[in-house]
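Here is a walk through one protein model, starting from a single residue and working outward. Keep the 3D view open as you read.

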Amino acid sequence: MRSSPVYFGSAERGQTASFLSLLHTGSSRCVPSHGLASKASNKLVITSAAFQDHITRSLLFPHFSPEDPLWKCKWKSTRKRVEVNGLQTPDQQEETEYVLDSAPPPLTLAQKLGLVASPAEKLTEEDWTRVKMRSVHHGDSAQPCSICREEFHLHPQVLLSCSHVYHRACLQAFERFSGRKCCSMCRKDQYETRVIHDAAHLFRHQCATRLQACWRGCVARKRYRELRKSFCPKDKRLRRQFFEAKLQELNDSFVRYCHTDTEAFLSEINRSLSSSRRVFEQLKRKHISEPQEDDWDRIHSQVIQRGVKDCPICLTALSIAPEAGSSSQSQRRHTVTLSCSHLFHQICLEAFESFSTESRPSCPLCRSAYYKKLT
(Lines give C-alpha, C1' and ligand atoms only; values in the text may rest on other atoms or scores of the structure.)
Protein backbone atom coordinates (compact mmCIF):
# COMPACT_ATOMS: atom_id res chain seq x y z
CA MET A 1 0.00 0.00 0.00
CA ARG A 2 1.33 3.46 -0.95
CA SER A 3 1.87 6.01 1.79
CA SER A 4 1.08 9.68 1.50
CA PRO A 5 3.98 12.03 0.66
CA VAL A 6 5.91 13.64 3.49
CA TYR A 7 6.61 17.39 3.58
CA PHE A 8 9.28 18.88 5.84
CA GLY A 9 9.91 22.46 6.79
CA SER A 10 13.31 24.15 6.95
CA ALA A 11 13.72 23.35 10.67
CA GLU A 12 12.69 19.74 10.13
CA ARG A 13 15.03 19.35 7.17
CA GLY A 14 17.94 20.68 9.22
CA GLN A 15 17.08 18.42 12.15
CA THR A 16 16.78 15.42 9.85
CA ALA A 17 20.17 16.18 8.29
CA SER A 18 21.83 16.40 11.71
CA PHE A 19 20.15 13.13 12.74
CA LEU A 20 21.39 11.38 9.59
CA SER A 21 24.93 12.67 10.10
CA LEU A 22 24.90 11.45 13.68
CA LEU A 23 23.58 8.06 12.54
CA HIS A 24 26.30 7.84 9.89
CA THR A 25 28.98 8.68 12.44
CA GLY A 26 27.55 6.24 14.97
CA SER A 27 27.26 3.44 12.45
CA SER A 28 30.83 3.94 11.31
CA ARG A 29 31.99 3.74 14.89
CA CYS A 30 30.02 0.56 15.45
CA VAL A 31 32.46 -1.38 13.24
CA PRO A 32 34.35 -3.75 15.56
CA SER A 33 37.96 -2.96 16.03
CA HIS A 34 40.65 -4.14 18.30
CA GLY A 35 40.86 -0.78 20.19
CA LEU A 36 37.13 -0.46 21.16
CA ALA A 37 35.43 -2.09 24.06
CA SER A 38 32.11 -3.87 23.85
CA LYS A 39 30.52 -1.33 26.20
CA ALA A 40 31.18 1.57 23.85
CA SER A 41 29.78 -0.37 20.91
CA ASN A 42 26.56 -1.07 22.84
CA LYS A 43 26.21 2.62 23.62
CA LEU A 44 26.55 3.56 19.99
CA VAL A 45 23.92 0.98 19.03
CA ILE A 46 21.50 2.38 21.60
CA THR A 47 22.17 5.93 20.36
CA SER A 48 21.54 4.93 16.75
CA ALA A 49 18.29 3.17 17.70
CA ALA A 50 17.17 6.21 19.72
CA PHE A 51 17.77 8.55 16.77
CA GLN A 52 15.95 6.21 14.39
CA ASP A 53 12.99 5.95 16.75
CA HIS A 54 12.86 9.71 17.16
CA ILE A 55 12.90 10.34 13.39
CA THR A 56 10.17 7.77 12.84
CA ARG A 57 7.85 9.02 15.58
CA SER A 58 8.47 12.77 15.38
CA LEU A 59 8.91 13.46 11.69
CA LEU A 60 7.31 10.64 9.72
CA PHE A 61 4.50 9.30 11.90
CA PRO A 62 2.30 12.46 12.01
CA HIS A 63 2.09 12.59 8.20
CA PHE A 64 1.31 8.95 7.61
CA SER A 65 -2.21 7.54 7.30
CA PRO A 66 -1.85 4.12 8.90
CA GLU A 67 -4.65 1.64 8.63
CA ASP A 68 -3.99 0.05 11.97
CA PRO A 69 -7.40 -0.36 13.73
CA LEU A 70 -5.71 -0.16 17.10
CA TRP A 71 -4.14 3.19 16.20
CA LYS A 72 -7.51 4.53 15.03
CA CYS A 73 -9.16 3.43 18.24
CA LYS A 74 -6.48 5.13 20.33
CA TRP A 75 -6.75 8.36 18.28
CA LYS A 76 -10.55 8.48 18.57
CA SER A 77 -10.46 7.83 22.31
CA THR A 78 -7.86 10.58 22.78
CA ARG A 79 -9.99 13.11 20.83
CA LYS A 80 -13.12 12.10 22.73
CA ARG A 81 -11.37 12.53 26.07
CA VAL A 82 -10.13 16.00 25.14
CA GLU A 83 -13.57 17.13 23.97
CA VAL A 84 -15.26 15.78 27.09
CA ASN A 85 -12.80 17.55 29.33
CA GLY A 86 -13.01 20.78 27.32
CA LEU A 87 -16.77 20.87 26.69
CA GLN A 88 -18.91 19.65 29.52
CA THR A 89 -22.33 21.09 28.55
CA PRO A 90 -23.73 22.96 25.52
CA ASP A 91 -24.21 26.09 27.65
CA GLN A 92 -20.59 26.05 28.80
CA GLN A 93 -19.44 25.65 25.19
CA GLU A 94 -20.52 29.21 24.45
CA GLU A 95 -18.83 30.82 27.44
CA THR A 96 -16.05 28.52 28.68
CA GLU A 97 -12.56 28.84 27.22
CA TYR A 98 -10.65 25.61 26.69
CA VAL A 99 -7.53 24.29 24.91
CA LEU A 100 -8.12 22.35 21.69
CA ASP A 101 -4.74 20.63 21.51
CA SER A 102 -4.65 17.03 22.71
CA ALA A 103 -2.27 15.69 25.32
CA PRO A 104 1.41 15.80 24.22
CA PRO A 105 2.83 12.54 22.84
CA PRO A 106 5.16 10.58 25.09
CA LEU A 107 8.86 11.40 24.93
CA THR A 108 10.99 9.45 22.52
CA LEU A 109 14.06 7.51 23.60
CA ALA A 110 16.36 10.19 22.17
CA GLN A 111 14.56 12.86 24.20
CA LYS A 112 14.76 10.78 27.35
CA LEU A 113 18.49 10.26 26.86
CA GLY A 114 19.02 13.98 26.28
CA LEU A 115 20.19 13.54 22.70
CA VAL A 116 17.32 15.70 21.35
CA ALA A 117 15.70 18.70 23.02
CA SER A 118 12.35 17.93 24.62
CA PRO A 119 9.26 19.80 23.37
CA ALA A 120 8.21 22.95 25.16
CA GLU A 121 5.89 22.56 28.08
CA LYS A 122 2.18 23.34 27.80
CA LEU A 123 1.10 26.86 28.60
CA THR A 124 -0.43 27.37 32.02
CA GLU A 125 -3.49 29.50 32.79
CA GLU A 126 -1.25 32.42 33.69
CA ASP A 127 0.55 32.11 30.35
CA TRP A 128 -2.78 32.02 28.48
CA THR A 129 -3.89 35.11 30.44
CA ARG A 130 -0.80 37.03 29.31
CA VAL A 131 -1.28 35.86 25.71
CA LYS A 132 -4.91 36.96 25.79
CA MET A 133 -3.96 40.35 27.25
CA ARG A 134 -1.58 40.90 24.32
CA SER A 135 -4.36 39.98 21.89
CA VAL A 136 -6.83 42.32 23.58
CA HIS A 137 -4.25 45.12 23.59
CA HIS A 138 -3.75 44.71 19.83
CA GLY A 139 -7.51 44.53 19.25
CA ASP A 140 -7.37 41.33 17.22
CA SER A 141 -10.92 40.26 18.14
CA ALA A 142 -12.34 43.53 16.85
CA GLN A 143 -10.54 43.12 13.50
CA PRO A 144 -11.49 40.70 10.68
CA CYS A 145 -9.98 37.23 10.48
CA SER A 146 -6.53 37.33 8.86
CA ILE A 147 -7.31 34.32 6.65
CA CYS A 148 -10.81 34.94 5.28
CA ARG A 149 -10.91 38.74 5.98
CA GLU A 150 -14.43 38.50 7.41
CA GLU A 151 -15.79 39.60 10.79
CA PHE A 152 -15.92 37.04 13.58
CA HIS A 153 -19.48 37.77 14.76
CA LEU A 154 -20.74 34.61 16.54
CA HIS A 155 -18.55 32.10 14.66
CA PRO A 156 -16.14 29.91 16.69
CA GLN A 157 -12.92 31.77 17.42
CA VAL A 158 -9.52 30.44 18.43
CA LEU A 159 -6.49 32.11 20.05
CA LEU A 160 -2.99 30.83 19.29
CA SER A 161 -0.10 30.82 21.73
CA CYS A 162 1.48 33.56 19.60
CA SER A 163 -1.54 35.85 20.47
CA HIS A 164 -3.04 35.79 16.96
CA VAL A 165 -6.78 35.15 16.49
CA TYR A 166 -8.54 33.26 13.67
CA HIS A 167 -11.79 31.56 12.82
CA ARG A 168 -11.63 27.98 14.00
CA ALA A 169 -12.74 26.68 10.59
CA CYS A 170 -10.27 28.95 8.77
CA LEU A 171 -7.34 27.72 10.89
CA GLN A 172 -8.27 24.08 10.35
CA ALA A 173 -8.53 24.62 6.59
CA PHE A 174 -5.18 26.44 6.55
CA GLU A 175 -3.48 23.59 8.41
CA ARG A 176 -5.05 20.98 6.13
CA PHE A 177 -4.03 22.63 2.86
CA SER A 178 -0.57 23.82 3.99
CA GLY A 179 0.37 20.42 5.40
CA ARG A 180 2.02 21.90 8.47
CA LYS A 181 1.07 23.56 11.74
CA CYS A 182 2.32 27.11 11.26
CA CYS A 183 0.77 30.50 12.12
CA SER A 184 -0.13 32.43 8.99
CA MET A 185 0.95 35.73 10.56
CA CYS A 186 4.19 35.14 12.44
CA ARG A 187 5.09 31.66 11.00
CA LYS A 188 5.48 30.17 14.46
CA ASP A 189 5.60 26.34 14.47
CA GLN A 190 3.94 23.99 16.92
CA TYR A 191 1.62 26.53 18.52
CA GLU A 192 -1.14 25.80 20.99
CA THR A 193 -4.79 26.63 20.29
CA ARG A 194 -7.42 27.89 22.74
CA VAL A 195 -11.10 28.61 22.09
CA ILE A 196 -12.17 32.11 23.18
CA HIS A 197 -15.38 34.16 22.89
CA ASP A 198 -14.16 37.77 22.90
CA ALA A 199 -15.47 38.51 19.41
CA ALA A 200 -18.89 37.04 20.27
CA HIS A 201 -19.08 39.25 23.37
CA LEU A 202 -18.13 42.32 21.35
CA PHE A 203 -20.71 41.47 18.68
CA ARG A 204 -23.47 41.00 21.28
CA HIS A 205 -22.51 44.30 22.89
CA GLN A 206 -22.69 46.08 19.53
CA CYS A 207 -26.08 44.52 18.77
CA ALA A 208 -27.43 45.51 22.19
CA THR A 209 -26.12 49.06 21.75
CA ARG A 210 -27.75 49.36 18.33
CA LEU A 211 -31.07 48.00 19.62
CA GLN A 212 -31.03 50.42 22.55
CA ALA A 213 -30.23 53.32 20.23
CA CYS A 214 -33.12 52.42 17.91
CA TRP A 215 -35.54 52.04 20.83
CA ARG A 216 -34.48 55.33 22.44
CA GLY A 217 -34.79 57.10 19.09
CA CYS A 218 -38.29 55.69 18.60
CA VAL A 219 -39.35 56.83 22.09
CA ALA A 220 -37.85 60.28 21.56
CA ARG A 221 -39.61 60.73 18.20
CA LYS A 222 -42.92 59.57 19.65
CA ARG A 223 -42.61 62.00 22.56
CA TYR A 224 -41.67 64.82 20.19
CA ARG A 225 -44.77 64.17 18.08
CA GLU A 226 -46.94 64.26 21.21
CA LEU A 227 -45.35 67.55 22.29
CA ARG A 228 -45.96 69.05 18.85
CA LYS A 229 -49.66 68.22 19.22
CA SER A 230 -49.84 70.04 22.57
CA PHE A 231 -47.66 73.14 22.06
CA CYS A 232 -48.06 75.68 19.30
CA PRO A 233 -44.79 76.32 17.38
CA LYS A 234 -43.35 79.81 16.91
CA ASP A 235 -42.69 79.55 13.20
CA LYS A 236 -45.43 81.12 11.07
CA ARG A 237 -45.72 78.23 8.63
CA LEU A 238 -45.66 75.61 11.37
CA ARG A 239 -48.18 77.58 13.41
CA ARG A 240 -50.55 77.61 10.45
CA GLN A 241 -50.16 73.86 9.99
CA PHE A 242 -50.75 73.36 13.73
CA PHE A 243 -54.07 75.21 13.70
CA GLU A 244 -55.13 73.53 10.47
CA ALA A 245 -54.53 70.15 12.06
CA LYS A 246 -56.46 71.18 15.17
CA LEU A 247 -59.40 72.42 13.09
CA GLN A 248 -59.38 69.26 11.01
CA GLU A 249 -59.35 67.16 14.16
CA LEU A 250 -62.34 69.04 15.59
CA ASN A 251 -64.20 68.74 12.30
CA ASP A 252 -63.54 65.01 12.12
CA SER A 253 -64.71 64.49 15.69
CA PHE A 254 -67.86 66.53 15.01
CA VAL A 255 -68.66 64.52 11.87
CA ARG A 256 -67.90 61.27 13.66
CA TYR A 257 -70.24 61.94 16.56
CA CYS A 258 -73.09 63.64 14.65
CA HIS A 259 -76.17 61.68 13.54
CA THR A 260 -76.10 60.16 10.09
CA ASP A 261 -79.70 61.24 9.30
CA THR A 262 -79.34 64.73 7.83
CA GLU A 263 -83.02 65.61 7.98
CA ALA A 264 -83.29 64.66 11.64
CA PHE A 265 -80.07 66.58 12.33
CA LEU A 266 -81.37 69.75 10.66
CA SER A 267 -84.77 69.47 12.37
CA GLU A 268 -82.97 69.15 15.70
CA ILE A 269 -81.05 72.34 14.92
CA ASN A 270 -84.32 74.13 14.09
CA ARG A 271 -85.88 73.02 17.36
CA SER A 272 -82.82 74.22 19.24
CA LEU A 273 -82.99 77.61 17.51
CA SER A 274 -86.71 77.94 18.26
CA SER A 275 -86.11 77.16 21.89
CA SER A 276 -83.30 79.70 22.01
CA ARG A 277 -85.53 82.39 20.42
CA ARG A 278 -88.30 81.75 22.92
CA VAL A 279 -85.89 82.05 25.81
CA PHE A 280 -84.48 85.33 24.49
CA GLU A 281 -87.97 86.72 23.86
CA GLN A 282 -89.02 85.91 27.38
CA LEU A 283 -85.95 87.66 28.70
CA LYS A 284 -86.66 90.71 26.58
CA ARG A 285 -90.28 90.88 27.69
CA LYS A 286 -89.28 90.72 31.30
CA HIS A 287 -86.94 93.69 30.90
CA ILE A 288 -89.25 95.84 28.67
CA SER A 289 -91.33 98.36 30.63
CA GLU A 290 -94.23 100.48 29.35
CA PRO A 291 -93.04 103.87 28.06
CA GLN A 292 -94.09 107.06 29.85
CA GLU A 293 -95.21 110.33 28.26
CA ASP A 294 -91.69 111.62 27.99
CA ASP A 295 -90.65 108.37 26.29
CA TRP A 296 -93.49 108.66 23.79
CA ASP A 297 -92.47 112.24 22.94
CA ARG A 298 -88.91 111.02 22.29
CA ILE A 299 -90.21 108.17 20.14
CA HIS A 300 -92.46 110.53 18.16
CA SER A 301 -89.50 112.83 17.49
CA GLN A 302 -87.51 109.82 16.17
CA VAL A 303 -90.39 109.01 13.79
CA ILE A 304 -90.43 112.56 12.48
CA GLN A 305 -86.65 112.59 12.00
CA ARG A 306 -86.79 109.30 10.08
CA GLY A 307 -89.38 110.78 7.68
CA VAL A 308 -91.45 107.64 7.18
CA LYS A 309 -94.33 108.23 4.71
CA ASP A 310 -95.55 104.73 3.81
CA CYS A 311 -96.88 101.89 5.94
CA PRO A 312 -94.39 98.99 5.92
CA ILE A 313 -97.24 96.46 5.77
CA CYS A 314 -99.59 97.78 3.04
CA LEU A 315 -97.01 100.10 1.39
CA THR A 316 -99.53 102.96 1.11
CA ALA A 317 -99.31 106.51 2.41
CA LEU A 318 -99.75 106.90 6.11
CA SER A 319 -101.83 110.19 5.78
CA ILE A 320 -104.05 111.24 2.79
CA ALA A 321 -105.41 114.76 2.31
CA PRO A 322 -109.31 114.87 2.43
CA GLU A 323 -111.28 115.60 -0.75
CA ALA A 324 -113.76 118.50 -1.14
CA GLY A 325 -117.17 117.79 0.33
CA SER A 326 -116.03 114.77 2.34
CA SER A 327 -115.21 114.49 5.98
CA SER A 328 -111.59 113.96 7.08
CA GLN A 329 -112.55 111.08 9.36
CA SER A 330 -113.78 108.91 6.48
CA GLN A 331 -110.74 109.52 4.21
CA ARG A 332 -107.96 109.50 6.76
CA ARG A 333 -106.66 106.20 8.33
CA HIS A 334 -105.53 106.13 11.91
CA THR A 335 -101.82 105.38 12.53
CA VAL A 336 -100.17 103.56 15.40
CA THR A 337 -96.71 104.32 16.83
CA LEU A 338 -94.82 101.44 18.45
CA SER A 339 -92.34 101.70 21.30
CA CYS A 340 -89.59 100.66 18.87
CA SER A 341 -90.26 103.92 16.89
CA HIS A 342 -91.92 102.19 13.90
CA LEU A 343 -95.17 103.58 12.40
CA PHE A 344 -98.03 101.51 10.91
CA HIS A 345 -101.68 101.81 9.92
CA GLN A 346 -103.86 100.71 12.79
CA ILE A 347 -105.89 98.40 10.57
CA CYS A 348 -102.74 96.85 9.08
CA LEU A 349 -101.16 96.22 12.47
CA GLU A 350 -104.35 94.67 13.85
CA ALA A 351 -104.54 92.37 10.84
CA PHE A 352 -100.85 91.37 11.36
CA GLU A 353 -101.50 90.64 15.02
CA SER A 354 -104.54 88.52 14.18
CA PHE A 355 -102.50 86.31 11.86
CA SER A 356 -99.55 85.95 14.29
CA THR A 357 -99.28 82.63 16.15
CA GLU A 358 -97.31 84.05 19.08
CA SER A 359 -98.99 84.97 22.34
CA ARG A 360 -97.46 88.41 22.18
CA PRO A 361 -96.68 89.44 18.61
CA SER A 362 -93.42 91.19 17.77
CA CYS A 363 -92.73 94.17 15.50
CA PRO A 364 -92.94 93.24 11.78
CA LEU A 365 -89.67 95.12 11.12
CA CYS A 366 -87.33 94.59 14.11
CA ARG A 367 -89.02 91.51 15.66
CA SER A 368 -88.96 93.02 19.15
CA ALA A 369 -91.78 93.22 21.69
CA TYR A 370 -93.56 96.55 21.69
CA TYR A 371 -96.13 98.82 23.23
CA LYS A 372 -98.33 100.82 20.85
CA LYS A 373 -100.01 104.21 20.95
CA LEU A 374 -102.68 105.59 18.61
CA THR A 375 -101.64 108.82 16.90
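## Starting at Ile196

Leaving out residues up to four places away in sequence, Ile196 touches Glu97, Ser141, Gln157, Leu159 and Val165. Ile196 belongs to strand E4. Is Ile196 buried or exposed? Its relative accessible area is 2%, so Ile196 counts as buried. Bear in mind as you look around that this is a predicted model.

One of those contacts links distant parts of the chain: Ile196 and Ser141 sit 55 residues apart in sequence, yet their C-alpha atoms are 9.7 Å apart in space.

## The sheet around it

Strand E4 is part of an open sheet of four strands, in the order E1-E4-E2-E3, with antiparallel pairing. At the edges are strand E1 (98–99) and E3, and each of them pairs on one side only.

Now go across the sheet pair by pair. E1 and E4 run antiparallel and are joined by two bridges, and here Val99 stands opposite Arg194. E4 also pairs with E2, again in the antiparallel sense, over four bridges. In that pairing, Gln157 has Ile196 as its bridge partner, while Val158 has Val195. Next come E2 and E3, antiparallel too, with three bridges between them. Gln157 turns up here as well, with His167 as its bridge partner in E3.

E2 and E3 form a hairpin with four residues between the strands. In this hairpin, Ser163 takes a positive phi near 75 degrees.

## Two covered faces

In a regular strand, side chains alternate between the two faces of the sheet. What happens on the two faces of E4? Both are covered: Thr193 and Val195 are buried on one side, and Arg194 and Ile196 are buried on the other. E2 shows covered faces too, with Gln157 and Leu159 buried on one side and Val158 and Leu160 buried on the other.

Which helices lie on the sheet? H6 lies across E1, E2, E3 and E4, and runs at about 110 degrees to E2. H7 packs on the sheet as well, touching E1, E2, E3 and E4, and its direction makes about 90 degrees with that of E3.

## A closer look at H6

Ser135 is a handy residue to pick out in helix H6. Its relative accessibility is 2%, so Ser135 counts as buried. Setting aside neighbours within four places in sequence, Ser135 is in contact with Asp140, Leu159, Ser163 and Val165.

## The nonpolar cores

Nonpolar side chains tend to be buried together in soluble globular proteins. Here the largest nonpolar core has 18 residues, and those with the most contacts inside it are Leu159, Leu160, Tyr166, Leu171 and Cys183. At least two residues of this core come from each of these elements: helix H6 (125–138), strand E2 (157–160), strand E3 (165–167), helix H7 (168–178) and strand E4 (193–196). E2 gives the largest share, three residues.

Leu159 has quite a list of partners. Not counting neighbours within four places in sequence, Leu159 is in contact with Trp128, Val131, Lys132, Ser135, His164, Val165, Glu192, Thr193, Arg194 and Ile196. Apart from this core lies another, of twelve residues, including Cys311, Leu318, Cys340 and Cys363.

## What the cysteines do

How many disulfides does a search of the whole structure find? It finds zero. Take Cys366 as an example: the closest cysteine sulfur, in Cys363, is 3.7 Å from its own sulfur, and a disulfide needs the two within 2.5 Å, so this pair is too far apart for a bond.

Cys366 has a relative accessible area of 35%, so this residue is partly exposed. Cys207 is partly exposed too, at 32%.

## The whole protein

Zooming out, the protein has 13 helices and seven strands. Of its 375 residues, 21% are buried. The accessible surface comes to about 27,900 Å², and carbon and sulfur atoms account for 57% of that.

Among contacts with a separation of 6 or more, 57% are between residues 24 or more positions apart. The pair of Ile196 and Ser141, at 55 residues apart in sequence, brings us back to where this tour began.

Methods: Residues are numbered from 1 along each chain as its sequence is written. This is a predicted model: local features need pLDDT of at least 70, side-chain atom pairs count only at pLDDT 80 or more; totals for chains, interfaces and linings use all residues. Side-chain values use heavy atoms; hydrogens and water are left out. A nonpolar core is a set of buried Ala, Val, Leu, Ile, Met, Phe, Trp, Tyr and Cys residues joined through side-chain atoms within 4.5 Å. Buried means under 20% relative accessible area, exposed over 50%, partly exposed in between (1.4 Å probe, protein chains only). Contact means heavy atoms within 4.5 Å. Two strands pair if DSSP finds at least two bridges between them. Axes are lines fitted to C-alpha atoms, for helices over the stretch in contact, and angles run from 0 to 180 degrees between N-to-C directions. Accessible areas come from the Shrake-Rupley method with a 1.4 Å probe; for residues, only the protein chains shown count as cover.
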